[in-house]
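Here is a short report on a protein chain. It begins with the strands, then turns to the disulfides and one asparagine.

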Amino acid sequence: MVLAVAAPATTAHAGSQEGAGNETSVPACLTYSPGWRYTFVMNDCSTAHRVKVLYGDGTDVPCQEVAPRNWFTFPGHGTEGNTVEGIVLCDHADGP
């Protein structure tokens, strides 16, 4: 019998996010993998980063701290035509 292990999707998007307004560039060591149910943000950096996901329909999610060499699960894009546009770094003033 073979058991499947749930893990973040293997396709990851890296680099800075264009069109994110005046947000700070996202380092290449932060990547994300969008899906309909979950969007995984992976931190392969040596330091923690506060990030959030940008959605095409303007859905606003809270900033989350992603520890070094770790990942965090955000909501996915859903089944109603929304899109995940990228990730942005958050200032500490951006909330919890």
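## Sheet

Two strands count as paired if DSSP finds at least two bridges between them. In this predicted model, that rule yields an open sheet of 3 strands, in the order 5-4-7, with antiparallel pairing. Strand 5 and strand 7 each have a single partner strand, so both stand at the edges and one side of each lacks a neighbour in the sheet. From one strand to the next, the twist averages 40 degrees.

The pairing of strand 4 with strand 7 is antiparallel and runs over 5 bridges. Val51 gives one example: its bridge partner is Leu89 in strand 7. In general, the strands of a sheet pair through backbone hydrogen bonds, in a parallel or an antiparallel sense.

## Overall make-up

The protein chain has 7 strands and 0 helices. Read from the N terminus, its elements are β-β-β-β-β-β-β. The chain holds 96 residues, and 34% of them are buried. Its exposed area is about 6100 Å², with 52% of that supplied by carbon and sulfur atoms.

Contacts at a separation of 6 or more were also sorted by sequence distance. Of these, 54% join residues 24 or more positions apart.

## Disulfide Cys29-Cys45

The chain has 2 disulfides. With the bonded cysteines numbered in sequence order, the pairing reads 1-2, 3-4.

One disulfide joins Cys29 and Cys45, with 1.8 Å between the sulfur atoms. It links distant parts of the chain, 16 residues apart. Cys29 sits in the loop between strand 1 (13-14) and strand 2 (30-34). Cys45 sits in the loop between strand 3 and strand 4 (49-55). The torsion about this S-S bond is about 90 degrees, so the disulfide is right-handed. Cys29 is partly exposed, at 27% relative accessible area. Cys45 is buried, at 4%.

## Disulfide Cys63-Cys90

Cys63 and Cys90 form a disulfide too, with sulfur atoms 2.1 Å apart. Cys63 lies in the loop between strand 4 and strand 5 (64-66), and Cys90 in the segment after strand 7 (84-89), so the bond ties together parts 27 residues apart in sequence.

Here the S-S torsion is about -85 degrees, so the disulfide is left-handed. Cys63 has a relative accessibility of 2% and counts as buried. Cys90 is buried as well, with a relative accessible area of 11%.

## Asn43

Where does Asn43 lie? Asn43 belongs to strand 3, which covers residues 38-43. Is Asn43 buried or exposed? The cut-off for buried is under 20% relative accessible area. Asn43 has 2%, so it is buried.

Which backbone oxygens approach polar atoms of the Asn43 side chain? The backbone oxygen of Thr47 lies 3.0 Å from one such atom. The backbone oxygen of Val66 lies 2.8 Å from a polar atom of that side chain. Setting aside neighbours within four places in sequence, the contacts of Asn43 include Val66, Ala67, Pro68, Arg69 and Asn70. Leu30, Ala48 and His49 are also among them. So is Cys29, the cysteine that forms a disulfide with Cys45.

Conventions
Residues numbered from 1 in each chain as written. Predicted model: local features only at pLDDT ≥ 70, side-chain atom pairs only at ≥ 80, totals over all residues. Heavy atoms only, no water. Helix = DSSP H or I, 4+ residues; strand = E, 2+ residues; numbered from the N terminus. Buried < 20%, exposed > 50% of the residue type's maximum accessible area, 1.4 Å probe, protein only. Contact = heavy atoms within 4.5 Å. Areas by Shrake-Rupley, 256 points an atom, 1.4 Å probe, with all protein chains shown as cover. Polar contact = N/O pair within 3.5 Å; in protein donor to acceptor, adjacent residues only side chain to side chain. Disulfide = S-S within 2.5 Å. Axes fitted to C-alpha atoms, helices over the stretch in contact; angles between N-to-C directions.
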